[in-house]
Amino acid sequence: MKNHISEAIIMRIKEYGEADLLVTFFTPQLGLLRGVAKGARRSRKRFVNALDILSLVKLEYSLKREGALYFLHSGKLINGHPGLRADYSNLSKASYMIELTEVLFPPGVADQSMFELLKGAFHLIDKGEQVAYIPIIFEVKAMALGGFGIHFEKCYKCGRAYSFEGDALFIPEKGCIACLKCHRESTRSPLMGPDCVKTFIGIQSESLTQSKERRWTEKVVKEIKSVLRLHREYHLERKLKTSKYVE
Ligand SMILES: [Zn+2]
């Protein structure tokens, strides 16, 4: 049985049997995993403060002989993110990020960049940096990492390149934009101004540290949120339970 030691973010915790905890955790190399912490409800010695949701920890774990469950051997707290828990609104944002991560990266789909994104976003909200915009930045990046990046180069219908002058329309079922000659604005195909398109393209390609330095206008925030909502609803089929926290 191979022993793994890695960083992990604790996503969910449930009581399991009489004394155990069932822990869902997200790792850089293996993605989303579930493991049993034996006896963790009786004695937390092996897991001092490490088994709380939203915490960044170092875990030691190995796969059980059969099935997909892991044994958790020990854990050490790296960052408990007190600022994430202290405030209901921050907690809601974090719950949303957890749910979106689980939907985009279910068990078996690992991506180290997604781990770094979630870790980085938690860190920034914990520190109180750009708290209002981190969930937007997070979602734009997470959708792109999950294979749902939006294409802004040209109108999907006539092929005319977008020149960053005037508005474009977002077309959810294409994951692309259309020009105003080919498509009409509606609640299903909202307008995106040049600043909104630029912001979107920027966030999809730059680092989280770069994105956090962006300056936002109310117009861009409103447009991006409406595009993200339609994009998410179309590709992830159902509305996420926690999406109300960011809308
Ligand atoms: Zn067109």
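# Exercises on a Predicted Protein Model

In this predicted model, Phe-25 stands opposite Leu-33 in strand β3. The exercises below begin with the strands around this pair and then turn to the rest of the protein.

## Exercise 1. The strands β1, β2 and β3

Task: Determine how β2 is joined to β1 and to β3, and how many bridges join each pair.

Solution.
- Step 1. Consider β1 and β2, which run antiparallel and are joined by 7 bridges. Tyr-16 stands opposite Asp-20 in β2.
- Step 2. Examine the connection. β1 and β2 form a hairpin with 3 residues between them, and Gly-17 in the turn has a positive phi of about 60 degrees.
- Step 3. Consider β2 and β3, which also run antiparallel with 7 bridges. They too form a hairpin, again with 3 residues between the strands.

## Exercise 2. The surroundings of Arg-34

Task: Decide whether Arg-34 is buried, partly exposed or exposed, and state which residues it contacts.

Solution.
- Step 1. Locate the residue: Arg-34 belongs to strand β3.
- Step 2. Count the neighbours. Arg-34 has 18 other C-beta atoms within 10 Å. A buried residue needs 20 or more, and an exposed one has 12 or fewer. Arg-34 is therefore partly exposed.
- Step 3. List the contacts. When neighbours within four places in sequence are left aside, Arg-34 is in contact with Leu-22, Val-23, Thr-24, Ala-68, Leu-69 and Tyr-70.
- Step 4. Compare sequence with space. Arg-34 and Lys-45 are 11 residues apart in sequence, and their C-alpha atoms are 20 Å apart.

## Exercise 3. Two residues with positive phi

Task: For Asn-49 and Phe-164, state the value of phi and the place of each residue in the chain.

Solution.
- Step 1. Recall the general rule: most residues other than glycine have a negative phi.
- Step 2. Consider Asn-49, whose phi is near 55 degrees, a positive value in a residue other than glycine. Asn-49 is in the loop between β3 and β4 (56-63). With 12 other C-beta atoms within 10 Å, Asn-49 is exposed.
- Step 3. Consider Phe-164, whose phi is near 65 degrees, likewise a positive value in a residue other than glycine. Phe-164 is in the loop between β6 and β7. Its 13 C-beta neighbours inside 10 Å make Phe-164 partly exposed.

## Exercise 4. A sheet of four strands

Task: Give the order of the strands in the open sheet that contains β6, and explain which strands stand at the edges.

Solution.
- Step 1. Write the order. The 4 strands follow the order β6-β8-β7-β9, and the pairing is mixed.
- Step 2. Identify the edges. β6 (151-155) and β9 (191-192) each have a single partner strand, so one side of each is left without a neighbour in the sheet.
- Step 3. Inspect one pair. β7 (residues 168-171) and β9 pair in the antiparallel sense over 2 bridges, and Ala-168 stands opposite Met-192 in β9.
- Step 4. Add the helix. α5 (residues 194-205) lies across β6, β7 and β9, and runs at about 135 degrees to β6.

## Exercise 5. Helix α2

Task: Check whether the span of α2 agrees with its number of residues, and state what covers its buried residues.

Solution.
- Step 1. Find the expected span. It is 1.5 Å times one less than the number of residues. For the 17 residues of α2 (residues 88-104), the expected span is therefore 24 Å.
- Step 2. Compare. The end C-alpha atoms of α2 are 24 Å apart, which agrees.
- Step 3. Name the buried residues: Asn-90, Lys-93, Ala-94, Tyr-96, Met-97, Ile-98, Leu-100, Thr-101 and Leu-104.
- Step 4. Name the cover, which includes β1 (3-16), β2 (20-27), α1 (82-85), α3 (112-127) and α4 (134-145).

## Exercise 6. The two domains

Task: Describe how the protein is divided and which kinds of residue make up the side of domain 1 that touches domain 2.

Solution.
- Step 1. State the division: domain 1 (3-80) and domain 2 (83-149 + 187-245). Their centres, taken over C-alpha atoms, are separated by 26 Å.
- Step 2. Count the residues in the contact: 13 come from domain 1 and 18 from domain 2.
- Step 3. Assign the domain 1 side to strands. β1, β2 and β3 (31-37) each supply at least two of its residues, and β3 gives the largest share, 3 residues.
- Step 4. Classify that side: 10 of its residues are nonpolar, 3 are polar and none is charged.

How values were computed. Residues are numbered from 1 along each chain as its sequence is written. This is a predicted model: local features need pLDDT of at least 70, side-chain atom pairs count only at pLDDT 80 or more; totals for chains, interfaces and linings use all residues. Two residues are in contact if their C-beta atoms, placed from the backbone, lie within 7 Å. Domain bounds come from an automatic or database domain assignment. Ala, Val, Leu, Ile, Met, Phe, Trp, Tyr, Cys and Pro count as nonpolar, Asp, Glu, Lys and Arg as charged, and the others, Gly among them, as polar. Two strands pair if DSSP finds at least two bridges between them. Axes are lines fitted to C-alpha atoms, for helices over the stretch in contact, and angles run from 0 to 180 degrees between N-to-C directions.
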